[in-house]
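Colleague: Please take me through this model, starting with how two helices meet.

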Amino acid sequence: MPPLKFCANLSWLFTELPEFAQRAQAAAAAGFRAVEAAWLYDADPLDLQKAITQAGVDVVLINTPPAHRVPTVRRCAVAGDVGRGDLGLGAVPGREEDFRAGLDLAVRYARALDCGRIHLMAGRVPAGQDRAAAAGEMEATFIANLRYAADVLSKEGILGLVEPINTRITDPRYFLNSPHQAAAILQKVGRSNIKLQMDIFHWQIMDGNLTQNIKTCFPLVGHIQIAQVPGRNEPDSPGELNYPYIFGVLEEMGYQGYIGCEYRPKASFCSGSRLGKEMMDTAEVFPLGGEGSASLSCPPAAVH
C-alpha cells in the first residue's frame, strides 16, 4: 500500500516568514515535497515559478481569487484580499463575468506553477439576504459556473475542486457548507474533472460521522486537508479527532493524492511529536509540532 503524502499549506504554515519563496524553502527544509496556498496573486507568476524551482517543491493546489479584482498594493504573496466582503464568486448571482475573469487568472498562475488543482471558491450569501431564500438561485449559478470551469480546465488538464466550509465557526455566510450539499451539486454538474475537496476540519464541525461520510464521498474526492477540531491546530494536538484512525481509513480506501496541512501551528515543525513518530513509518512525510518548540505566528486571514 503506498504511503500517505502530505503537503504544506503556505497560507497557514511558516507564517513568520513574509515571502512565499521563504516559506517554500522552509517547507522543503521541513521535509515537504509539495505545497499548496490559498492566494498567490500579489506576486508575479514567474517569480513564484522561480521560487518553487529553487525550493524543489511542487505546487499541488491554489484557489480562485477571493474577490473580483487583484489587489494592486503588494502584500505578502500568500495573502488574500477579502476586504470587499467576497470569498470567491462561484455561486454569487450577477457576478458570473467576475468569476470567469478570476478563473482565467487562476489558470494562468496554475499553468506557470504546473499546478494541477484549483479550488473554485463558492463565495458567500450576499449581505442582507436570507440563506434559504437565496439558496435556489445560488445553487443554479454555482452549477452553471462549475460547468463553464470544467470546460476551461479540461483544456489545461487541471482538476477543479469545490470545498464545503463550515458556517458554525469559520464563515457563517459561506454558501457551500456541507459534504452532502457539495455531493448533490457535483452530481448535478456531472463533469468528471470537478471534484470534492475534503477538509476534515470543516466536515467534523458541520456533520461529524466522518467514517461513513469519507467512505460514501470517497469516489468524489480530489484533495484532502486536515486540522484538529476545534482549534484548527496540529492534528496531534488535543481535540476531537483521532487522526491515526482517520489516516487508516484513507489508506484502506486507497487514497493516493496529497493531504494538505492547513492548520494553525502551536509549535515549529519536527518529527518528534507523538503522531509524527507513529506516522513516519507509513507516511511519506508528516512534520508536526513538537513540544518545547518555538511558537509560530498565526496565519493571515485566509479562510478556506
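**Helix packing and unusual residues**

Colleague: Is the crossing of α1 and α2 left-handed or right-handed?
Modeller: The crossing of α1 and α2 is right-handed (the near helix is turned clockwise from the far one by less than a right angle; anticlockwise would be left-handed). The model is predicted, with local features needing pLDDT of at least 70 and side-chain atom pairs 80 or more, while totals for chains, interfaces and linings use all residues. Residues are numbered from 1 along each chain as its sequence is written, and side-chain values use heavy atoms, leaving out hydrogens and water.

Colleague: At what angle do α1 and α2 pack?
Modeller: Helix α1 (residues 20-30) packs at about 20° to helix α2 (residues 45-55), and their axes are 9 Å apart. The pair is therefore roughly parallel (under 35 degrees).

Colleague: Which residues make the contact?
Modeller: From α1 come Phe20, Ala21, Ala24, Gln25 and Ala28, and from α2 Leu48, Ala51, Ile52, Gln54 and Ala55 (heavy atoms within 4.5 Å).

Colleague: New topic: how many disulfides does the structure hold?
Modeller: Zero (a disulfide needs two cysteine sulfur atoms within 2.5 Å). For Cys7, the nearest cysteine sulfur belongs to Cys261, 6.7 Å away.

Colleague: Is Cys7 buried or exposed?
Modeller: Cys7 is buried, at 0% relative accessibility (buried is under 20%, exposed over 50%, with a 1.4 Å probe and protein chains only). Cys217 is also buried, at 5%.

Colleague: What is phi of Phe14?
Modeller: Phi of Phe14 is near 60°, which is positive although the residue is not a glycine. Phe14 sits in the loop between β1 (5-9) and α1, and is buried at 5% relative accessible area.

Colleague: Is the peptide bond from Val229 to Pro230 cis or trans?
Modeller: That bond is cis, with omega near 10°. Pro230 lies in the loop between β7 (221-226) and α8 (243-253).

Key:
Axes fitted to C-alpha atoms, helices over the stretch in contact; angles between N-to-C directions. Helix = DSSP H or I, 4+ residues; strand = E, 2+ residues; numbered from the N terminus. Parallel < 35°, antiparallel > 145°, perpendicular 65-115°, else oblique.
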